[in-house]
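Please open the model in your viewer and set the display to show the backbone as a ribbon. Keep the sequence panel visible, since the tour moves from one selection to the next.

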Amino acid sequence: MQFVDEASITVAAGNGGSGCVSFRREKYVPRGGPDGGDGGHGGSVILVGDESLNTLIDFKFQRFHKAPNGQPGRGSQMNGRKGEDLFVQVPVGTTVIDVETLEVIGDITAVGQELKVAQGGRRGLGNVHFKSSTNRTPRQSVPSGEGERRELRLELKLMADVGLLGMPNAGKSTLIRSVSAARPKVADYPFTTLVPNLGVVKLGLHEHFVMADVPGLIEGAADGAGLGLRFLKHLTRTRLLLHVIDVAPFDESDPVDSAEKIIHELEQYSPTLAESPRWLVLNKCDLVDDETREAMLERIVERLNWDGPIFRISAIAGQGTDELVQAVHRWLVEQRRLEQEDEDFAARTRAIRERMEAEAVARTEARMAFMAGRKRRDVESSDDDDFDDDDFDVEVEYKP
């Protein structure tokens, strides 16, 4: 299945049913009076988190979602049927943005979580509500309301415990293949990974965690270069980042410079994400001798001012991967324990995640505003008689 993490859809709630103006007409019942019933409420559009979905590809083909209208009221005080709510299944981790206002309507982060994105129209009231001692034959009713209609932008952020980041061809896909059942494409050239991949790392019958592999970053990724800006958002949902460094790059570039570029891109995209827990993983250590590897490690520690965990592995040979996986699992278990037992720690963790989400949303809103402005400028420029900006220095003049 093709991985799609962004989609634009239109949702329309149902209109309310109109109220009825009717009068009772029965034999032997003179002056029966008003008996117009009420209409039914229009159906609403509700998004629901579904664990069986992991892509937004369905919304590339089904872009319009309409809830049923409410039925009109009838005589004999019969009310119209309410329009049924329309439940639309979306992957867990979907952020919903209003295209017109650029407002984030909500974030679906749990299975079964519901988010109403379009309110159904209110029902109309029949003339029975207007009868009184002075108005015995009311001929007015309350009109029904129209359902909301919205243009929405759906953005999916993968829900994973651990995220892999690094330069292209650093060995991230090989690592996730080595420790999980995921089988992303692996080749001896950069940019083989074009979409994120998820892998479940199992350590026993009931012990596991989810690892996410995103396309490699390049310099300028935070500003939109390559695929970085589009897929960096997936790392905001992870608890731990594994920064994979290629110690034997095929282009003979300096691994320390590459590591600094990755950290710089993280800081540019989200300062909070750059400050989140991150470990260094030196990959392809089987391709260099011990002396070269240790010298490079000293340079990395000195240049990055690093005091966090460092692991030496060879993903393709499976060297050091078990120790890495075990350490990650112990760290995740300890984090969950602290969140359950220490309220202050849990509050700080929530605040960090909220800040990270806010920064990612700000990036998305800025990008959408830029796209909307560019589209508006394109429309305005299309009204010009000159088909090009310079138009070969030819000016068109209109004379009566």
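The tour below proceeds by selections, each followed by a description of what is found there.

**Before starting**

This is a predicted model, in which local features need pLDDT of at least 70 and side-chain atom pairs count only at pLDDT 80 or more, while totals for chains, interfaces and linings use all residues. Residues are numbered from 1 along each chain as its sequence is written, and side-chain values use heavy atoms, with hydrogens and water left out. Helices (H or I, at least four residues) and strands (E, at least two) are DSSP runs, numbered from the N terminus.

**First selection: strand 9**

Select residues 162-165, which form strand 9. Val162 and Leu164 point one way from this strand, Gly163 and Leu165 point the other way, and all are buried. Here "buried" means under 20% relative accessible area, "exposed" means over 50%, and "partly exposed" covers what lies in between (1.4 Å probe, protein chains only).

Now add strand 11, residues 208-213, which pairs with strand 9 in the parallel sense over 3 bridges. Two strands pair if DSSP finds at least two bridges between them. The bridge partner of Val162 in strand 11 is Met211. Add strand 12 as well, residues 240-246; strand 12 runs parallel to strand 9 and is joined to it by 4 bridges. In strand 12, Leu240 stands opposite Val162.

**Second selection: strand 10**

Keep strand 11 on display and select residues 197-202, strand 10. Strand 10 pairs with strand 11 in the antiparallel sense over 6 bridges, and the two form a hairpin with 5 residues between them. Met211 appears again here, as the bridge partner of Gly199.

Which side chains of strand 10 are buried? Asn197, Gly199 and Val201 point to one face and are buried, whereas Leu198, Val200 and Lys202 point to the other face and are not.

**Third selection: Ser180**

Select Ser180, in the loop between helix 2 (172-179) and strand 10. Ser180 counts as buried because its relative accessibility is 9%. A polar atom of the Ser180 side chain lies 2.6 Å from the backbone oxygen of Ile176. A polar contact is a pair of N or O atoms within 3.5 Å; within protein, one must be able to donate a hydrogen and the other to accept it, and residues adjacent in sequence count only if both atoms are side-chain atoms.

**Fourth selection: helix 4**

Select residues 255-269, helix 4. The expected span of a helix is 1.5 Å times one less than its number of residues. For the 15 residues of helix 4 this gives 21 Å, and the end C-alpha atoms are 21 Å apart, so the two agree. At the start of the helix, a side-chain oxygen of Asp254 reaches to within 3.1 Å of the backbone nitrogen of Val256.

The buried residues of helix 4 include Ser258, Ala259, Ile262, Ile263, Glu265, Leu266 and Tyr269. An α-helix has 3.6 residues a turn, so residues three or four places apart point the same way.

**Fifth selection: helix 7 and its aromatic neighbours**

Select residues 321-341, helix 7. Helix 7 has 21 residues and reaches 30 Å from its first C-alpha to its last, close to the 30 Å expected. Among its buried residues are Leu324, Val328, Trp331 and Gln335.

A search of the whole structure finds 2 aromatic pairs. In one pair, the ring centres of Trp279 and Trp331 are 6.3 Å apart and the planes meet at 75°, so the pair is edge-to-face. Trp279 belongs to strand 13 (residues 278-283) and Trp331 to helix 7, 52 residues apart, so that this pair links distant parts of the chain. Rings of Phe, Tyr and Trp (its six-membered ring) pair if their centres lie within 6.5 Å; planes under 30 degrees apart count as stacked, over 60 as edge-to-face and the rest as tilted. Ring pairs link Trp279, Phe311 and Trp331 into a cluster. Trp279 is buried at 8% relative accessibility, and Trp331 is buried at 19%.

**Last selection: two loop residues**

Select Ser76, in the loop between strand 3 (64-66) and strand 4 (86-91). Its phi is near 60°, a positive value in a residue other than glycine. Ser76 is exposed, with a relative accessible area of 54%.

Finish at Asn305, in the loop between helix 6 (290-304) and strand 14 (310-312). Asn305 has a positive phi of about 55° although it is not a glycine, and Asn305 is exposed, with a relative accessible area of 67%.
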